[in-house]
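Subject: The structure I promised you

Hi,

Here is the structure we talked about, ready for you to open in your viewer. Have a look around first, then read on.

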Amino acid sequence: MLFTAMSDGRFDLAGRETRCALGKGGVIPAADKREGDGCSPLGVWPIRHVLYRPDRTPAPQSRLPVKALAPNDGWCDAPGDPNYNRPVSLPYPASAEQMWREDKVYDFVLVLAHNDDPVVPLMGSAIFLHVARPNWEPTEGCVALQAWDVLELIGKAEPGSAISIVDVNPHPFLDAMEHMDEARKPHRPTLNVLPPRTK
C-alpha cells in the first residue's frame, strides 16, 4: 500500500485526502538531499517499523513491527559517525536527536527507509513520518500528520507499505527544459574577455 505526501500539503491516506506538513526547505530530489537542509526527499520510502511513547499511549495495532520508545533513545545525525542515521542510546558521544520528547511530535513515529541501505554520510538522517505540531509548523525534512491520521495510517499499513513524497508544483520552465531534446536547449552564451588596454 502506498501513501502519498504532496508538496502542496495534501496527503493521500489510502484514498482519503488529508493535510500534511513537510520540510521547511520544501522538497528536493533524494540525490540532492543533505544533512541539515530542512528538505523532504522526493521518492518512495518503505516503512521500516513503528515507534510509540508507552507512557502516553497503548501500543498501536498494526501489521508492521511496533516498538516502544525508551527515555534514552536517540538517533545519530553526525555524518562522520559510524552510527550515522541509526538509533543510538543517549548520552551519545556524537550529535544525536532525542527521541523521547516533551512535545507530542514523536508519540508515534514511522521510520522510513531513507538513506539506510546503505547509509551514505551527509545524505540525510532521521526521515520519519510523525505527529504534526498544532500550528502545522514545517518539519526538518520529515512528513507530519495529525495524530489520528497517523494512527489510521498505522492501522492500514502492511509489510511493504511505503510513503511517497511527490512534487505536484514543479517549475513549468524547468520542467519543460528537462523534456527538451539537447539540440533545442538554449545554450549559455560564450563571453569573450578582452585583454586590458595598455596606456
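Below is what I found, going from the whole chain down to single residues.

One thing to keep in mind throughout: this is a predicted model.

**The whole chain**

The protein chain has 199 residues, and 40% of them count as buried. Its secondary structure is made up of two helices and 13 strands. If you take the contacts between residues with a separation of 6 or more, 58% of them involve residues 24 or more positions apart. The accessible surface adds up to about 11300 Å², with 56% of that belonging to carbon and sulfur atoms.

**Strand 10**

Go to residues 108-112 next, which make up strand 10. Five of its five residues are buried, so this strand is largely enclosed by the rest of the structure. A bit of background helps here: in a regular strand, side chains alternate between the two faces of the sheet. In strand 10, Phe108, Leu110 and Leu112 sit on one side, Val109 and Val111 sit on the other, and all of them are buried. In other words, both faces are covered.

Which strands does strand 10 pair with? One partner is strand 5 (residues 40-52), which pairs with strand 10 in the antiparallel sense over five bridges. To see one of the matches, find leucine 51: its bridge partner in strand 10 is valine 109. Another partner is strand 11 (residues 128-131), also antiparallel, joined to strand 10 by three bridges. There, valine 111 stands opposite phenylalanine 128.

**The aromatic cluster**

Keep phenylalanine 128 on screen for this part. How many aromatic pairs does a search of the whole structure find? It finds two. In one, the rings of tryptophan 75 and phenylalanine 128 have centres 5.1 Å apart and planes at 90°, so the pair counts as edge-to-face. Tryptophan 75 belongs to strand 7 (residues 73-76) and phenylalanine 128 to strand 11, so this pair ties together parts of the chain that are 53 residues apart in sequence. Are these two residues buried or exposed? Both tryptophan 75 and phenylalanine 128 are buried.

Tyrosine 106 and phenylalanine 128 also form an edge-to-face pair, at 5.7 Å centre to centre with 80° between the planes. Tyrosine 106 is in the loop between strand 9 (96-98) and strand 10, 22 residues from phenylalanine 128, and the pair links distant parts of the chain. Tyrosine 106 is buried, like phenylalanine 128. Put together, Trp75, Tyr106 and Phe128 form one aromatic cluster.

**Arginines over rings**

Two arginines are worth a click as well. Arginine 101 lies over the face of tyrosine 106, at 4.9 Å from the ring centre. Arginine 53 lies over the face of tryptophan 100, at 3.7 Å from the ring centre.

**A buried aspartate**

Now go to aspartate 107, in the loop between strand 9 and strand 10. Its relative accessibility is 10%, and anything under 20% counts as buried, so aspartate 107 is buried. What does aspartate 107 touch? Leaving out residues up to four places away in sequence, it touches Leu51, Tyr52, Arg53, Arg56 and Thr57. You have already met Leu51 as the bridge partner of valine 109, and Arg53 as the arginine over tryptophan 100.

**Cysteines**

Last stop: the count of disulfides comes to zero. Cysteine 39 is buried, with a relative accessible area of 8%. Cysteine 142 is buried too, at 4% relative accessibility.

Cheers

Methods: Residues numbered from 1 in each chain as written. Predicted model: local features only at pLDDT ≥ 70, side-chain atom pairs only at ≥ 80, totals over all residues. Heavy atoms only, no water. Helix = DSSP H or I, 4+ residues; strand = E, 2+ residues; numbered from the N terminus. Buried < 20%, exposed > 50% of the residue type's maximum accessible area, 1.4 Å probe, protein only. Contact = heavy atoms within 4.5 Å. Areas by Shrake-Rupley, 256 points an atom, 1.4 Å probe, with all protein chains shown as cover. Pairing = 2+ DSSP bridges. Phe/Tyr/Trp six-rings, centres within 6.5 Å; stacked < 30°, edge-to-face > 60°. Lys NZ or Arg CZ within 6 Å of the ring centre and 35° of its normal. Disulfide = S-S within 2.5 Å.
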